[in-house]
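This briefing covers two sheets, two hairpins, one helix and one residue of the structure shown below. The points are grouped by topic.

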Amino acid sequence: LGFGLWPNFYLVFYGSAPPSVSDGFTLSLPWWSIMASLSILQAPEISTMATSLDSHRKILFDGNDISDSLPSLNSPDYFLKPSTNELVQREIESPGFCSRVPDFTVGRIGYGLIKFIGTTDVRKLDLDQIVQFQRHEVVVYDDESSKPAVGEGLNKSAEVTLIVNMACGEERADHVSYKLKQIAERQGATFISFDPEMGFWKFLVPHFSRFGLSDDEAEDITMDDAPRLENHLGLNGDMVVADVDKMETSESELSHSLPAHLGLDPGKMKEMRLLMFPREDLDESEDFGDQTSFPMTSLTKRNARPSQKHSQRNTHQDTPPVVRKTPLALLEYNHGNDKSSPGSILMVQQNKNLAVRKSKMGGFELDISHETPLTDNYSRNVVDAALFMGRSFRAGWGPNGLLLHTGNPIGSSSSQRVLSSVISVDKIAIDKVVRDKKEKIQKELIDSAFETPLSLHKELYHEEEKEVRFGSFSLKLQKVVTDRVVLSDICRNYIDIIEKQLEFPGLSTSAKLFLTHQVMVWELIKVLFSERQSTYAASDNEEDMMQDVKEESAEVDTEALPLIRRAEFSCWLQECVSHRVQEDVSDLNGSGYLKPLFFLLTGRELDSAVELAISKGDVRLACLLSQVGGSTVNRDDIMQQLHLWGRNGLDFNYIEKDRIKLYELLAGNIHDALQDFEIDWKRFLGLLMWHHLAPDSSLPVIFRNYQLLLDQGKAPWPVPIYIDEGPADGIVSNTKHSDLLYYLMLLHSREEQKIGFLKTMFSAFSSTDDPLDYHMIWHQRGILEAVGAFTSDDLHALDMGFVAQLLSQGLCHWAIYVALHMPYRKDRPYLHFTVIREILFQFCETWSSVESQRQFIKDLGIPSEWMHEALAVYYNYHGDFVTALDHFIECANWQRAHSIFMTSVAHSLFLSANHSEIWRIATSMDDRKSEIENWDLGAGIYMSFYLLKSSLEEDADTMLELDSPESRNESCRSFVGRLNESLAVWGDRLPVEARVAYTKMAEEICELLLSGLSVYPDRDSQLSCFMTAFKAPLPEDFTNKVLTLFFLIIASNSPEGIEKLCSKLKVSHTDIKILMLAWKMKSERQGYFTKAEWRRALKALKVDTTKKLKKALPELEKEVRKPLNFADFYAYAFRYCLTDERQNCIDIETICQLLDMVLGSTFRDQVDHFVDYLKIQNDYKVITMDQWMGFYRFCNEISFPDMTNYSLELAWPLILDNFFEWMREKQA
């Protein structure tokens, strides 16, 4: 798989920052290999027990009855308490003691100990086999078949102390302790304590199997350098998710924290499931029930809004568990081997409500039919799982959330070992926003969530932010520019889009909740950041002021602007909390009227509160309520009255408690009034605004007062909508995430220029539980920047998250549009080029198949060369090389086009006789040949072939310089030389078919060259043409044809032809080299070379020209001079001189010449004396083969000239005996 991202998917990490190497961690020496035994032995409890370890394990007993009662333990580093000696003594003193040993303890020095609670029967226990301590873990009864029932033997409750060998300072002690507690609870144990100084980890187990810390878990704890997690626990005891803004990390940190190069063996990672995949059933719950109704106020009447209480009731309607499937090894894939089992996911934090689905996998064909929904803090789990497996195994992110990894699939509870050949395929759903309540993608939702808002964004006024250049290409970065006067209309348009989406019948209740929240966000943006061309006089009554706003006024009253904005915000806030007020009132079920009055006041439902008080006959209270929110005089009067009652000792027990709370609220003491009430943060903000602060307080003052109370812990945290009003689907309260509405208020009230909360503000968690949903928050960021609310160039995670969403739906053109709106940064000048090119390349099939997308991308100003290059790579990958070549030419990638032409296109077109297409492609690149490496040895070969072939075929009028054989041959020789050089340069890059095409070209040219040789009587010209043909890469059959023609013309079957050959070779026809050449040819007749003999010699010598033949003759002579070859050559020389088939001897004169030629250079003395003897003797007129071979033997065996080892008694030819006698006489 390789590691790292598949290029087109930009992964934004939601969750803890990727772990970095902790202090003291050395890659060259893994921490788990460091055995700090000295520090371990300093532990008082362990060292005390170790002193009781017997020095001799073999104990002599007085009787067999005692030995049968004792446990056996032979491992030298294990110990017992009581020790073996103590057990012997106690068994003697009290028979049966070993059947009831109290607090029996067994341990291993440097690893830990187990103290079994209560009395334990230890008789005949083989502790070496039962108890096994390993690094950071202990196993009791590893063999399940021999494990007794719970409560029997050692399978009982016990206190385990393990020595965890990891360095952690005081600042990380709490974090490590929390991790160990989490792991203990996951394994079914109860965490007791962790001593960071001594490394003692204590926990209580109900029974035994395997407990402790795997290598991967220890590595994860040691290397986890994430921001410190505060101990904020949710309702179900789960750890809350850390701030997304604190989870960002640099690329260098990420690469530094992935020590896959440590060579960890995936086969040893079997305990990984204890950290990530616990054996717990996973229940999938629907987001909400479908039957939810409640009254709404003006803003939300048209949008059904889910109720928190209703959603909680519906969580009991659980769906059956999703079927899980065991991963299949790619090497042993079988559709029938799947095993279904329920499972759950547990990676970094324990969450029990994530609906996880795994896709089927068949070889390398990925059929993704199910996806893993990514909601709330589960994104952290999935990403941390990938990072964890990236350190221990290999993991790869693919397009649209595809995750390939080795290890158990997400949600699997299988206990089988994970092999390195098993690849699990999981897909993370990043398109939740376009799915209906049945989890089906709807085209209408895609249009309303993505295309329609982006079309609105595109219609806004844009100006060029910057033109960035990348080589010869440039991109014009865009940004929306507008003013606050038209902001109200823009927000209204976005609200209309969302309201149309709310009309879709298949939306889930949670989707309606989030969409309604988006309406609230846009309404708040309009309230806080829009401006008016005309303003109005201030009024003490906010409702009257809102009525005045609807009437135009020509005069601008700048002093009234803050009050008008406050009035608008007050109305917005009333509408936001109205449904919560009505829910609380409806849930009281007739418990009096004072509590309903209180809840009505929390939503500023003054009319309803007054009417309710009057209907109950409480006129005085109704009068007080009618003055709420007006002048502070009434508020002060009520406060003074309460103080007066207190000073006068009034017994408040005689006044209803709820009435006192109403008085406290009317007096502005909101904290005293809320002592027994829990309200959401928006209503608390309303109480602060309506009942505590002055009626003319501006919004910044209100927001800053709320922020102050929040910092003091006196105000409810502004939790996001999915926590505040969302479904009870496992999401816990998290003070590290805040609602986008709250951030908008902070943005409006900010005094300093620099804003430190933008990344958190524009994270997906501020408005939705889907951590990969940026489809609307991207627009909100853009509009706020356009009106000057803030400026930032550090929100690329938001841009890339939205790009990923768009790409998941195939909206490549809009993804590029978003990329062009990313702010320019000097430290990342080529970011836009990289992103856009990756989109074009990785999603080429998508945008190229839709003409509207293709045109849209062109209109955005994306260089057409990039699009053609992407198409070229795409078609090249799919094997359409001709189309790929055309696109490479269009994008001016001449070198790549030339390479594909040579290796994939030209030969197929040539062999299919599509010569016109070859000519078209080659000529289209001819003008750029100076930019192409090896052009003359590539496409230029084909162009030269066609030009040369045409010249050889046509009349002299075409090319006058080719009239003579010399000019024709020179052109052909040049072409053949380039062919050979081209084959050498391209080498293995050329397929077999390309080499066939080369031979075809060579064959056609050589055939045309040699076709007119008979017209020219000049043998030198003819021989030169043949030499050109011999150099060409010709097929064997055509080579034989050329050789035959060469023999007929140059080396005809006659002595004269051989003399001509000798003349070309510049050797005498009597030279021994010619005789050696005849031996190589195996010529049967002196002075005549047959065609077969000639062909045999040229092939054996590997020559095709006279020049090469001349150079080969010295090598041939060396070959002949070898002893084994020379004996054969010597015999062949005699046979070659026989001129008749019936002849078996050679005359003396010829023999003398032959001896001088063959043996003269080797045995000069012997040859000279033997030739003198032959010339003077009269007994022999001819020499036979036996005599000829005898003399060769004589030269090799007899010392000469003394011939002392010659014996007449040996079987020498008679002529040699005579030669010996002659030499003796001559020497005497």
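The model is predicted. Glu137 stands opposite Gly212, a residue of strand S12. That pair belongs to the antiparallel contact between strand S8 (residues 137-140) and S12, which is made by three bridges. The protein chain as a whole has 51 helices and 24 strands.

**Three-stranded sheet**

- S8 and S12 are part of an open sheet of three strands, in the order S7-S8-S12 and with antiparallel pairing.
- Strand S7 (131-134) and strand S12 (210-212) are at the edges; each has a single partner strand, so one side of each is left without a neighbour in the sheet.
- On average, neighbouring strands of this sheet are turned by 15 degrees against each other, direction ignored.

**Six-stranded sheet**

- Another open sheet has six strands, ordered S2-S4-S5-S9-S11-S10, and its pairing is antiparallel.
- Its edge strands are strand S2 (78-81) and strand S10 (190-195), and each of these pairs on one side only.
- The average turn between neighbouring strands of this sheet is 15 degrees, again with direction ignored.
- Strand S4 (residues 105-108) and strand S5 (residues 112-116) run antiparallel and are joined by four bridges.
- Within that pair, Val106 has Ile114 of S5 as its bridge partner.
- Strand S9 (residues 158-163) is joined to S11 by six bridges, and the two strands run antiparallel.
- Val160 has its bridge partner in S11, namely Phe203.
- On the S10 side, S11 pairs with S10 over five bridges, in the antiparallel sense.
- Ser193 stands opposite Lys202 of S11.
- Strand S11 (residues 200-205) has five of its six residues buried, so the strand is largely enclosed by the rest of the structure.

**Hairpins**

- S10 and S11 form a hairpin in which four residues lie between the strands.
- Gly199, in the turn of the S10 and S11 hairpin, has a positive phi of about 80 degrees.
- A hairpin is also formed by S21 and S22, with two residues between them.
- The turn of the S21 and S22 hairpin contains Gly471, whose phi is positive at about 70 degrees.
- Strand S21 (residues 462-470) runs antiparallel to strand S22 (residues 473-480), and eight bridges join them.
- Glu464 is matched in S22 by its bridge partner Gln478.

**Helix H16**

- Helix H16 (residues 561-587) has 27 residues, which at 1.5 Å a residue should span 39 Å; the end C-alpha atoms are 39 Å apart, which agrees.
- H16 nevertheless has a kink of about 40 degrees, centred on Val577.
- Of the 27 residues of H16, 19 are buried, so the helix is largely enclosed by the rest of the structure.
- Asn589, just after H16, takes a positive phi of about 55 degrees.

**Gln780 and its surroundings**

- Where is Gln780 located? Gln780 lies in helix H28 (residues 777-786).
- Gln780 has a relative accessible area of 1% and counts as buried, because the cut-off for buried is under 20%.
- Leaving aside residues up to four places away in sequence, Gln780 touches Gln518, Val521, Trp522, Ile525, Leu740 and Phe762.
- With Val521, the separation from Gln780 is 259 residues in sequence, while the C-alpha atoms of the two are 8.6 Å apart in space.

**Whole chain**

- The protein chain has 1228 residues, of which 54% count as buried.
- Considering contacts between residues at least 6 apart in sequence, 68% join residues at least 24 apart.
- The protein chain exposes about 55600 Å², and carbon and sulfur atoms supply 49% of this area.

Technical notes
Residues are numbered from 1 along each chain as its sequence is written. This is a predicted model: local features need pLDDT of at least 70, side-chain atom pairs count only at pLDDT 80 or more; totals for chains, interfaces and linings use all residues. Side-chain values use heavy atoms; hydrogens and water are left out. Two strands pair if DSSP finds at least two bridges between them. Axes are lines fitted to C-alpha atoms, for helices over the stretch in contact, and angles run from 0 to 180 degrees between N-to-C directions. The expected span of a helix is 1.5 Å times one less than its number of residues. The bend at a residue is the angle between axes fitted to the seven residues ending there and the seven starting there. Buried means under 20% relative accessible area, exposed over 50%, partly exposed in between (1.4 Å probe, protein chains only). Contact means heavy atoms within 4.5 Å. Accessible areas come from the Shrake-Rupley method with a 1.4 Å probe; for residues, only the protein chains shown count as cover.
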